[in-house]
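Here are my notes on the model, set out as numbered points. Please read them with the sequence and the structure open.

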Amino acid sequence: MAKILVHIHSGPDLENKVTLGLLVAVTSLKEGHDVKVFLAADGVHALNCKREGEIIGQGTGDAKLHLDALAADNAEIMVSGMSAKARGYDVSLLEGFNATFATPDILIKSSLEADTVLCY
């Protein structure tokens with residue numbers, strides 16, 4: 001199976017991009033691929049989605065349900081530490097997920113290791 005990196009840098013104001021990125025990550029996992037998600041810039045807000053219906057895409061689903069599926073599959077989620085800090089988040093943002101803060105060099109390394117990089 002393929003190694004897929006899904007890089008989400010769009011925020012909740014672009015709900016179709018956020019939910020599409022999450023949907024693609026979940027679908028890739030279900031198909032048996034090795035999936036990593038990197039949230040950066042306004043994309044870090046997605047991990048703060050706590051309720052169904054908070055971020056809904058048109059035909060791309062509910063961010064909360066996608067995040068729950070990623071958590072259930074123990075998917076690796078990397079969150080830009082600089083982006084999170086700049087937006088007022090601390091380590092509590094990562095709770096409930098297989099998530100860590102990461103730096104740009106980790107994004108580059110992960111991109112080079114992946115067979116496919118998808119950006120939203």
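Which residues does A99 touch, not counting residues up to four places away in sequence? This is taken up in point 1.

1. A99. The model is predicted, and these notes should be read with that in mind. A99 touches L47, I77 and L94, once residues up to four places away in sequence are left out of the count. The residue belongs to strand 6. Its relative accessibility is 13%, so A99 counts as buried, the limit being under 20%. Between the C-alpha atoms of A99 and A71 there are 9.2 Å in space, and the two are 28 residues apart in sequence.

2. The sheet. Strand 6, which holds A99, is part of an open sheet of five strands. Their order is 6-5-2-1-7, and the pairing is parallel. Strand 6 (98-102) and strand 7 (116-119) stand at the edges; each has a single partner strand, so one side of each lacks a neighbour in the sheet. From one strand to the next, the twist averages 20 degrees. As background, strands of a sheet pair through backbone hydrogen bonds, in either the parallel or the antiparallel sense.

3. The strand 1 and strand 7 pair. Strand 1 covers residues 3-8 and pairs with strand 7 in the parallel sense, over four bridges. One position to check is H7, whose bridge partner in strand 7 is C119.

4. Helix 1 on the sheet. Helix 1 (residues 15-30) lies across strand 1, strand 2 (34-39) and strand 7. Relative to strand 1, helix 1 runs at about 165 degrees.

5. Helix 1 against helix 2. Helix 2 comprises residues 63-72, and helix 1 packs with it at an angle of about 30 degrees, the axes being 9 Å apart. The cut-off for roughly parallel is under 35 degrees, and helix 1 and helix 2 are therefore roughly parallel to each other. The crossing of the two helices is left-handed. On the helix 1 side the contact is made by T19, L22, L23, A25, V26 and L29; on the helix 2 side it is made by A63, H66, L67, A69 and L70. Nine of the residues in this contact are nonpolar, two are polar and no residue is charged.

6. L70. Which residue positions does L70 of helix 2 touch, beyond four places away in sequence? They are L22, A25, V26, L29, V37, A75 and I77. L22, A25, V26 and L29 belong to the helix 1 side of the contact described in point 5. At 0% relative accessibility, L70 counts as buried. L70 and R51 are 19 residues apart in sequence, with 15 Å between their C-alpha atoms.

7. The loop after helix 2. D73 and N74 are both placed in the loop between helix 2 and strand 5 (76-80). D73 counts as partly exposed, at 44% relative accessibility. From D73 to K30 the C-alpha distance is 9.0 Å, across 43 residues of sequence. N74 is a residue other than glycine with a positive phi, near 55 degrees. Most residues other than glycine have a negative phi, which makes this a backbone position to look at.

8. A41. A second positive phi, about 50 degrees, occurs at A41, again not a glycine. A41 sits in the loop between strand 2 and strand 3 (56-57). Its relative accessibility of 28% means that A41 counts as partly exposed.

9. S10. Is S10, in the loop between strand 1 and helix 1, buried or exposed? At 4% relative accessibility, S10 counts as buried. Leaving aside neighbours within four places in sequence, S10 is in contact with K17, V18, D42, G43 and Y120. K17 and V18 fall within the residue range of helix 1, 15-30.

10. M82. This residue lies in helix 3, residues 81-86. M82 has a relative accessibility of 54% and so counts as exposed, the limit being over 50%. M82 and F101 are 19 residues apart in sequence, and their C-alpha atoms are 8.5 Å apart in space. F101 falls within the range given for strand 6, 98-102.

Conventions. Residues numbered from 1 in each chain as written. Predicted model: local features only at pLDDT ≥ 70, side-chain atom pairs only at ≥ 80, totals over all residues. Heavy atoms only, no water. Pairing = 2+ DSSP bridges. Axes fitted to C-alpha atoms, helices over the stretch in contact; angles between N-to-C directions. Contact = heavy atoms within 4.5 Å. Parallel < 35°, antiparallel > 145°, perpendicular 65-115°, else oblique. Left-handed = near helix turned anticlockwise from the far one by under 90°. Nonpolar A, V, L, I, M, F, W, Y, C, P; charged D, E, K, R; others polar. Buried < 20%, exposed > 50% of the residue type's maximum accessible area, 1.4 Å probe, protein only.
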